[in-house]
Amino acid sequence: MKYRVVGWTDYESDEVPEAHGCIGFAERNAIIDEIRKNGYLFSGWEHQESWDCVPILNDGKKRTFSQRGWGCLMAEAYGYLGSYDYAAFTFHPMKNGKLPNDSFDIAEFVPETDLNEHFEVEVDDGIFALSQKRNPFFLDDLDALRYIDAGDTLTLRCGDRSADFVISDINRNRNTGRKSAEYTINTKFKIIVTYLKHQ
């Protein structure tokens with residue numbers, strides 16, 4: 001999904017519409033990448049209580065989080081992936097933090113609507129076979145898939161074979177490294193791919 005952060009607004013502002021439903025994998029990664037790019041550092045408390053600490057994506061909608069949810073996102077942005085690392089980024093203003101100071105005029109902004117993308121990755125025999133018999137199936141947590149989301153298409157290639165999928169949902173989980181699995185995940189996290197149809 002071609003998501004990007006285009007500005008920041010306030011948690012309670014009714015000028016910018018809020019995206020409804022669960023905030024997806026690609027949306028989170030777009031926000032994380034914007035935080036890293038600009039060196040933003042602020043807590044879940046500041047996300048909810050300070051001016052201009054709620055991201056607006058290029059679909060014209062803001063993404064709001066609980067204080068813990070924002071803490072998890074900020075912890076991941078700075079590489080803290082332990083079970084309770086989010087707590088350091090949750091309830092109190094950050095010392096030596098950095099807040100966005102972007103001005104955003106929703107009246108001047110035209111939301112982007114054609115955001116779907118096509119992704120293509122090479123996989124091994126085990127993952128390819130898994131994709132042919134299970135829905136959902138699993139993939140390595142690759143940088144090339146950071147923005148994959150529902151509505152996108154995915155092509156898996158394995159040698160001279162290929163398979164196309166229309167994605168209905170993407171999730172991410174820690175890789176538990178099952179020894180008896182018929183497939184191998186080589187990254188700390190795994191991406192869970194659910195699809196609508198397979199071609």
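## Helix 3

Gln 67, Trp 70, Gly 71, Leu 73, Met 74, Ala 75, Glu 76 and Ala 77 are the buried residues of helix 3 in this predicted model. The helix runs over residues 67-77 and is mostly covered, with eight of its eleven residues buried.

The elements that cover these buried residues include two helices, helix 1 (25-38) and helix 2 (44-49), together with strand 1 (5-9), strand 2 (54-57) and strand 6 (161-174). Just after helix 3 comes Gly 79, with a positive phi of about 80 degrees.

## Helix 1

Helix 1, one of the elements covering helix 3, has 14 residues; at 1.5 Å a residue it should span 20 Å, and therefore the 20 Å between its end C-alpha atoms agrees with expectation. Its buried residues include Phe 25, Ala 26, Glu 27, Asn 29, Ala 30, Ile 31, Ile 32, Glu 34 and Ile 35. Gly 39 follows helix 1 and has a positive phi, near 70 degrees.

## The nonpolar core

In soluble globular proteins, nonpolar side chains tend to be buried together. In this model, the largest nonpolar core has 50 residues. Trp 70, Phe 137, Leu 139, Leu 154 and Leu 156 have the most contacts inside this core. Helix 1 gives the most to the core, contributing six residues. Trp 70 is also among the buried residues of helix 3.

Leu 154 illustrates the surroundings of one such core residue. Leaving aside residues up to four places away in sequence, Leu 154 touches His 118, Phe 119, Val 121, Phe 137, Leu 139, Leu 145, Ile 148, Ala 163, Asp 164, Phe 165, Ile 167 and Val 193.

Key:
Residues numbered from 1 in each chain as written. Heavy atoms only, no water. Buried < 20%, exposed > 50% of the residue type's maximum accessible area, 1.4 Å probe, protein only. Helix = DSSP H or I, 4+ residues; strand = E, 2+ residues; numbered from the N terminus. Contact = heavy atoms within 4.5 Å. Expected span 1.5 Å × (residues − 1). Core = buried A, V, L, I, M, F, W, Y, C linked by side-chain atoms within 4.5 Å.
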